[in-house]
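Have the model open and ready to rotate? Let's take a walk through it, one neighbourhood at a time.

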Amino acid sequence: MSFDPANFDAEQALTLARKTFEIEAAAVRDLADRVGSEFAQAVLLMLACRGHVVVMGMGKSGHIGRKIAATLASTGTPAMFVHPAEASHGDLGMITGLDVVLAISNSGVSEELMAILPVLSRLGVPLVAITGGVQSVLAKHARVTLDSSVAREACPLNLAPTASTTAQLALGDALAVALLDARGFKEEDFARSHPGGSLGRKLLTHVSDVMRSGDAVPQVRPETPFTELMREMSAKGLGASAVVSDSQRVLGIFTDGDLRRLVEKGVDLRSSTAGEVMHAHPHTVRADALAVEAVALMEQHSITSVLVVDDAGVLCGALNTNDLMRAKVI
């Protein structure tokens with residue numbers, strides 16, 4: 001079909017967009033009115049599953065199924081997507097009697113799904129159907145049927161799957177949310193399945209993962225002359241230096257900010273020692289603490305560097321905001 005941009009009706013496009021939102025929102029609201037004991041039964045089947053929730057669907061329902069499988073897997077329910085057509089050509093071997101199948105079909109009569117229903121029955125695999133055809137073959141084979149029917153599609157021709165796929169997706173999300181709640185799924189669990197995401201970095205990264213250690217940690221004794229203290233700070237580039245005892249216990253810290261304040265007061269620093277200019281009893285953090293705890297400490301006290309100590313207060317590392325930014329914790 002050819003199209004002349006000069007004939008484009010912007011107002012008509014906006015009208016259809018708003019109508020689409022209204023139709024699809026209504027489809028989801030209708031689900032809330034229909035959801036009942038069948039939904040709870042589906043959740044129980046999936047909670048009791050000792051294998052995988054195997055999601056299946058053809059066409060647009062298949063695309064929705066892939067997303068539902070991914071959401072389930074990332075929220076504590078082992079799941080995978082198996083294409084119904086491929087299942088008839090060998091991939092059915094991926095499904096075992098320990099699994100639960102979640103089959104999605106708006107009509108409930110998808111030929112590819114119909115072909116494998118007898119096999120699933122012989123395997124004794126519990127079948128949950130998401131379908132708009134509540135009297136369909138798929139619904140009759142299912143142990144639990146979730147009604148995803150819609151009054152109409154958002155497509156002006158009432159043909160392209162639009163509102164129906166939105167309803168399917170909403171039901172899948174509802175299952176995932178109910179399952180994660182029933183499993184007691186926490187932020188930490190979510191982070192373990194999303195180690196590359198920002199939440200994963202925040203909840204899985206410990207201070208020991210990002211801190212400087214060994215010779216990279218600036219440190220001096222209390223009797224160290226001020227000039228040597230400044231050399232140590234400049235050489236290590238932390239913006240601060242720990243002041244430690246002979247046994248490596250932290251006595252204090254001296255920072256770039258402390259230097260500026262002393263200069264502003266006109267203090268003669270040439271004859272000073274580290275012990276005389278240090279800030280005693282500094283804020284510290286443990287190496288096994290989460291990096292976000294170090295961030296919170298630094299924000300609370302408006303500091304940019306923090307020393308890392310063990311149970312005995314012995315220096316074992318240091319870090320600053322730059323270290324945390326490089327690790328993408330902040």
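## Around helix α12

Right after α12 comes G266, a residue with a positive phi, near 80°. Keep in mind as you look that this is a predicted model.

Now step back into the helix itself. α12 covers residues 256–265, and G257, D258, L259 and L262 are buried in it. What do the buried residues of α12 pack against? Their partners are α11 (226–236), β8, α13 (274–277) and β9.

One of those partners, β8, is worth a visit of its own. Strand β8 takes in residues 250–255, and five of its six residues are buried, so the rest of the structure largely encloses β8. On one hand, β8 is joined to strand β7 (residues 240–244) by five bridges, and the two run antiparallel. To find your place in that pairing, look for V243, whose bridge partner in β8 is G252. The hairpin of β7 and β8 has five residues between the strands, and there Q248 takes a positive phi near 75°.

β8 also pairs with strand β9 (residues 279–280), in the antiparallel sense and over two bridges. G252 turns up again here: its bridge partner in β9 is A280.

## The open sheet

Next, find the open sheet of five strands. Its order is β2-β1-β3-β4-β5, and the pairing is parallel. Which strands sit at the edges? They are β2 (79–81) and β5 (144–147), each of which pairs on one side only. From one strand to the next, the twist averages 20°. As background, side chains in a regular strand alternate between the two faces of the sheet.

Zoom in on one pair. Strand β1 (residues 53–57) and strand β3 (residues 100–105) are parallel partners over five bridges. In this pairing, G57 is found opposite I104 of β3.

Helix α5 (residues 111–123) lies across β1, β3 and β4 (127–131), and runs at about 160° to β3.

The loop between α5 and β4 is where you'll find V125. Is V125 buried or exposed? With a relative accessible area of 7%, V125 is buried, because the cut-off for that label is under 20%. Leaving aside residues up to four places away in sequence, V125 touches I95, T96, G97, D99, V100, V101 and L120. Take T96 as an example: V125 and T96 are 29 residues apart in sequence, yet their C-alpha atoms are 7.3 Å apart in space.

## Two helices packing on α7

Helix α7 (residues 163–183) packs with helix α1 (residues 10–34), and α2 (residues 37–48) packs with α7 too. Here are the two pairs side by side.

| Helix pair | Angle | Axis separation |
|---|---|---|
| α1 and α7 | about 40° | 9 Å |
| α2 and α7 | about 55° | 10 Å |

What do those angles tell you? α1 and α7 are therefore oblique to each other, and α2 is oblique to α7 as well. The crossing of α1 past α7 is right-handed, and α2 passes α7 in a right-handed crossing too.

Now for the residues that touch. On the α1 side they are I23, E24, A27, V28 and L31, and these meet A163, T166, A167, A170 and L171 in α7. That contact breaks down into eight nonpolar residues, one polar and one charged.

For the other pair, α2 brings F39, A42, V43, M46 and L47, while α7 brings L171, A174, L175, A178, L179, A182 and R183. The residues in the contact of α2 with α7 come out as eleven nonpolar, no polar and one charged. Notice that L171 of α7 appears in both lists.

## Two positive phi values to finish

Most residues other than glycine have a negative phi. With that in mind, two loop residues deserve a look.

H281 has a positive phi, near 50°, and is not a glycine. You'll find H281 in the loop between β9 and β10 (284–286). With a relative accessible area of 73%, H281 is exposed.

S302 isn't a glycine either, but has a positive phi of about 55°. S302 sits in the loop between α14 (291–300) and β11 (305–309). At 67% relative accessibility, S302 counts as exposed.

Note on methods
Residues are numbered from 1 along each chain as its sequence is written. This is a predicted model: local features need pLDDT of at least 70, side-chain atom pairs count only at pLDDT 80 or more; totals for chains, interfaces and linings use all residues. Side-chain values use heavy atoms; hydrogens and water are left out. Axes are lines fitted to C-alpha atoms, for helices over the stretch in contact, and angles run from 0 to 180 degrees between N-to-C directions. Helices (H or I, at least four residues) and strands (E, at least two) are DSSP runs, numbered from the N terminus. Angles under 35 degrees count as roughly parallel, over 145 as roughly antiparallel, 65 to 115 as roughly perpendicular and the rest as oblique. A crossing is left-handed if the near helix is turned anticlockwise from the far one by less than a right angle, and right-handed if clockwise. Contact means heavy atoms within 4.5 Å. Ala, Val, Leu, Ile, Met, Phe, Trp, Tyr, Cys and Pro count as nonpolar, Asp, Glu, Lys and Arg as charged, and the others, Gly among them, as polar. Two strands pair if DSSP finds at least two bridges between them. Buried means under 20% relative accessible area, exposed over 50%, partly exposed in between (1.4 Å probe, protein chains only).
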